[in-house]
Amino acid sequence: MEKRKFIRKVCLLGDGGVGKTSLVRRYVEDVFSDSYIISFGTKVSKKVIDLGEVELTLMIWDILGQKSDDPLHAAYYRGANGALLVGDLTRPETMRHVVRWKEEFLKVCPGAVFVAASNKSDLESAMQPRDLKEIVDALGVELKRTSAMTGEGVEELFVALGKGIMERSK
Ligand code: G3D
Ligand code: MG
């Protein structure tokens, strides 16, 4: 039977240097190498995910700006179905900021689906379990440990986002 095909837009959100570009590069270039389209300070990568009955193409927007409250971001967020929130375990302030990134994104895309990553799991964490719990409580989204360096958790993160988006659109 022919799979049903869907295309969805997702954005990568988080402070500068947390590893957004590295995560998408690790995920996308494992399979596709020339899928970057560079335009207007944004890189859009494409990845096809096989979800059983459904084939989902994620258009992954990596916004090169670094501040959560940049008014220019709204134009990039428009039409997105979900977002990947990324913080860096070695810099606690970047982990706290994911809550802000989510709030700003929700103003433009109120129905969005989120997944969150505590990236750089290959390095020594500067976060206490208690601080992580506080962030998870404020976010209302599970935090998954990832490393764009080793690949830990990267595939699972994007697949979780794709599944979440397809669940939401049922
Ligand atoms: P950004 O797109 O969020 O701004 P980048 O972040 O992907 O450009 O990554 C910023 C720096 O962190 C890069 O180092 C990159 O190699 C490093 N990095 C990203 N993810 C990981 C990770 O999981 N583990 C480790 N150890 N490093 C990571 P440079 O030195 O190029 O600035
Ligand atoms: Mg980047």
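Phe 105 and Phe 114 are both buried, and I should like to open with them. As a reminder to the group, the model before us is a predicted one.

The rings of Phe 105 and Phe 114 belong to a cluster, in which ring pairs also link Tyr 77. In total, the structure holds 3 aromatic pairs. One of these lies between Tyr 27 and Phe 158: the ring centres are 4.2 Å apart and the planes stand at 0°, so this pair is stacked. Tyr 27 belongs to helix α1 and Phe 158 to helix α5, residues 154-168, so the pair ties together parts that are 131 residues apart in sequence. Tyr 27 has a relative accessibility of 3% and therefore counts as buried. Phe 158 is buried as well, at a relative accessible area of 0%. For Phe 105 and Phe 114 the geometry is edge-to-face, because the planes are at 75°, with the ring centres 5.7 Å apart.

Let me now place these residues in the overall fold. The chain has 5 helices and 7 strands. Along the sequence, their order is β-α-β-β-β-α-β-α-β-α-β-α. The chain has 170 residues, of which 46% are buried. If we take the contacts between residues at least 6 apart in sequence, 71% of them join residues at least 24 apart. The exposed surface of the chain comes to about 8800 Å², and carbon and sulfur atoms supply 52% of that surface.

I turn next to two lysines. The first is Lys 102, which sits in helix α3, residues 92-108. Is Lys 102 buried or exposed? Its relative accessible area is 16%, so Lys 102 falls in the buried class. Beyond its neighbours within four places in sequence, Lys 102 is in contact with Leu 85, Phe 114, Leu 139 and Val 141. Phe 114 is thus a residue we have already met, as part of the aromatic cluster. With Leu 139 there is also a polar contact: a polar atom of the Lys 102 side chain lies 2.6 Å from the backbone oxygen of Leu 139. The C-alpha atoms of Lys 102 and Leu 139 are 7.8 Å apart, although 37 residues separate the two in sequence.

The second is Lys 120, in the loop between β6 (113-119) and α4 (129-139). Most residues other than glycine have a negative phi. Lys 120, by contrast, has a positive phi, near 75°. Its relative accessible area is 22%, so Lys 120 is classed as partly exposed.

Finally, I come to ligand 1. Which residues come nearest to ligand 1? Of the 15 residues around ligand 1, they are Gly 17, Lys 20, Ser 22, Asp 122 and Ala 148. By class, this shell consists of 4 nonpolar, 7 polar and 4 charged residues. Helix α1, residues 20-29, gives the largest share of the shell, with 3 residues. That helix also carries Tyr 27 of the stacked pair.

Several polar contacts involve oxygen atoms of ligand 1. In the side chain of Ser 22, an N or O atom is 2.6 Å from a ligand oxygen. For Thr 21, a polar side-chain atom lies 2.9 Å from an oxygen of ligand 1. At Val 18 the partner is a polar backbone atom, 3.3 Å from a ligand oxygen. On its own, ligand 1 has 650 Å² of accessible area, and the protein covers 62% of it.

Notes. Residues are numbered from 1 along each chain as its sequence is written. Chains are lettered from A and ligands numbered from 1 in the order in which they are written. This is a predicted model: local features need pLDDT of at least 70, side-chain atom pairs count only at pLDDT 80 or more; totals for chains, interfaces and linings use all residues. Side-chain values use heavy atoms; hydrogens and water are left out. A residue is near a molecule or strand if one of its heavy atoms lies within 4 Å of it. A polar contact is a pair of N or O atoms within 3.5 Å; within protein, one must be able to donate a hydrogen and the other to accept it, and residues adjacent in sequence count only if both atoms are side-chain atoms. Accessible areas come from the Shrake-Rupley method with a 1.4 Å probe; for residues, only the protein chains shown count as cover. Helices (H or I, at least four residues) and strands (E, at least two) are DSSP runs, numbered from the N terminus. Ala, Val, Leu, Ile, Met, Phe, Trp, Tyr, Cys and Pro count as nonpolar, Asp, Glu, Lys and Arg as charged, and the others, Gly among them, as polar. Buried means under 20% relative accessible area, exposed over 50%, partly exposed in between (1.4 Å probe, protein chains only). Contact means heavy atoms within 4.5 Å. Rings of Phe, Tyr and Trp (its six-membered ring) pair if their centres lie within 6.5 Å; planes under 30 degrees apart count as stacked, over 60 as edge-to-face and the rest as tilted.
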